[in-house]
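Morning, everyone. Please bring up the model and keep it in view while I talk.

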Amino acid sequence: MSPYADETAARALIVRTARSLFTRGLTHGSTGNLSIRLADGSLLLTPTGASLGTLTERELSRTDLHGALLGGPRPTKEAFLHAAFYRSRPHAHAVVHLHSTHAAAVSCLADINPDDVLPPLTAYYAMRIGTLPLLPYHAPGDSRLEPAAEAAARTHHAVLLANHGPVVAAATLEQAADATEELEATAKLHLLLQGHRTRPLTPEQAAALGPTPPDGRNGTS
Ligand code: ZN
């Protein structure tokens, strides 16, 4: 069940979260987009071309689960990614996508493992992200990425878009933002540790922590 029965409160939460992420430098310019799945099943999304730093509650877009506009301005051109996550993850009620610097930097590295981009350097990363697949590069807004995103979202609540940035789903917007920040912090650690001998958590240590996806479960059950 969606925690977002009150659309006015959901709009305020999106604006507050967007401003917090922007003012702390977690995305820049007009990049990054957030969404919430309301109790009626429709999606509330940040609009196209908007800065997360100056967004207002009246400027949000509403669409259905397949991207059809129900109200407000045109949504972010990455709205199809949000919809793909909601279709694949019935327990997800929020999605965060940022162009956060360190995660974007990792998404540009050669020779990364596309099945799991980052090692489990810390317990919080293991708990909040777990495994992180890399989705192949597509130009922003290219909906040919949609089938790959929808398939990956069935088994992962977080993905990294190549040469772009992370997309993370969770039960609430606070949890999605928190997990995205954990991913960004771990990407930063990973880059700081390049060239250093590193001891990530062992598979047993990581497994003992979860991961527990913040929208409850993986898979389609
Ligand atoms: Zn983007």
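D111 sits in the loop that runs between helix 3 (101–106) and helix 4 (123–128). Helices here are DSSP runs of H or I with at least four residues, strands are runs of E with at least two, and both are numbered from the N terminus. The phi of D111 is near 60°, a positive value in a residue other than glycine. D111 counts as exposed because its relative accessibility is 81%. The cut-offs: buried is under 20% relative accessible area, exposed is over 50%, and partly exposed is in between, with a 1.4 Å probe and protein chains only.

A word on the source. This is a predicted model, where local features need pLDDT of at least 70, side-chain atom pairs count only at pLDDT 80 or more, and totals for chains, interfaces and linings use all residues. Residues are numbered from 1 along each chain as its sequence is written, and side-chain values use heavy atoms, with hydrogens and water left out.

Next, N163. This residue is in the loop between strand 7 (158–161) and strand 8 (165–170). N163 is not a glycine, yet its phi is positive, about 55°. At 47% relative accessibility, N163 counts as partly exposed.

Now the metal. Which residues supply the protein donors of the zinc ion? They are E78 (OE), E78 (OE), H97 (NE2), H99 (NE2) and H164 (NE2), lying 2.0 to 2.7 Å from the ion. Donors are N, O and S atoms within 2.8 Å of the metal (3.2 Å for Na, K and Ca); water is not among the atoms, so sites may look incomplete. H97 lies in strand 5 (residues 94–97) and H164 in the loop between strand 7 and strand 8, so this pair ties together parts 67 residues apart in sequence. Both H97 and H164 are buried.
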